[in-house]
Amino acid sequence: LGEKNVDPADLYDLVRTIGGDLVEQVLLVDEFYHEKKKKHSQTYRIIYRAMDRTLTKNEINLIHKDIEN
């Protein structure tokens, strides 16, 4: 993340915009700030689910890659 911390609400909105109805939950699970390097780190858990079918690993990987970008 670098020197600026990401607002979890902004990330939630981004993930839901990209993942749509397949995103069931976005959860901030950990935060860390490195004093010497002046860098923030956040860890999020994203749960994907479709009620009408089984999601494939490839399908989720594509959505997740879009979120990373």
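Leu11 is buried in this predicted model, because its relative accessible area is 18% and the cut-off for buried is under 20%. Leu11 sits in helix H1. Leaving aside residues up to four places away in sequence, Leu11 touches Val6 and Tyr44. As for reach across the chain, Leu11 and His64 are 53 residues apart in sequence, yet their C-alpha atoms are 13 Å apart in space.

Leu11 also belongs to the largest nonpolar core, a set of twelve residues. Its other members include Val15, Leu22, Val23 and Val26, then Ile46, Tyr48, Ala50 and Leu55, and finally Ile60, Ile63 and Ile67. Which elements give two or more residues to this core? They are H1, strand S1 (23–34), strand S2 (39–48) and H2. H2 provides the largest share, with three residues.

Now for how the two helices meet. Two packed helices are described by the angle between their axes and the distance between those axes. Here, H1 (residues 8–19) and H2 (residues 57–68) pack at an angle of about 140°, and their axes are 10 Å apart. Why call the pair oblique? Angles over 145 degrees count as roughly antiparallel and 65 to 115 as roughly perpendicular, so an angle of about 140° leaves H1 and H2 oblique to each other. The crossing of H1 past H2 is right-handed. On the H1 side, the contact is made by Leu14, Val15, Ile18 and Gly19, and on the H2 side by Ile63, Asp66 and Ile67. Sorted by type, the residues of this contact are five nonpolar, one polar and one charged. Val15, Ile63 and Ile67 turn up in this contact and are also members of the largest nonpolar core.

Over to the loop between S1 and S2, where Glu35 lies and where Lys38 has its place too. Here is how these two residues line up with Leu11 on accessibility:

| Residue | Place | Relative accessible area | State |
|---|---|---|---|
| Leu11 | helix H1 | 18% | buried |
| Glu35 | loop between S1 and S2 | 53% | exposed |
| Lys38 | loop between S1 and S2 | 42% | partly exposed |

Glu35 counts as exposed because its 53% is over the 50% cut-off. Lys38, at 42%, falls in between the two cut-offs and is therefore partly exposed. Glu35 and Leu55 are 20 residues apart along the chain, and their C-alpha atoms are separated by 40 Å.

What about the backbone at Lys38? Lys38 has a positive phi of about 55° although it is not a glycine. Most residues other than glycine have a negative phi.

Conventions:
Residues numbered from 1 in each chain as written. Predicted model: local features only at pLDDT ≥ 70, side-chain atom pairs only at ≥ 80, totals over all residues. Heavy atoms only, no water. Axes fitted to C-alpha atoms, helices over the stretch in contact; angles between N-to-C directions. Helix = DSSP H or I, 4+ residues; strand = E, 2+ residues; numbered from the N terminus. Parallel < 35°, antiparallel > 145°, perpendicular 65-115°, else oblique. Left-handed = near helix turned anticlockwise from the far one by under 90°. Contact = heavy atoms within 4.5 Å. Nonpolar A, V, L, I, M, F, W, Y, C, P; charged D, E, K, R; others polar. Core = buried A, V, L, I, M, F, W, Y, C linked by side-chain atoms within 4.5 Å. Buried < 20%, exposed > 50% of the residue type's maximum accessible area, 1.4 Å probe, protein only.
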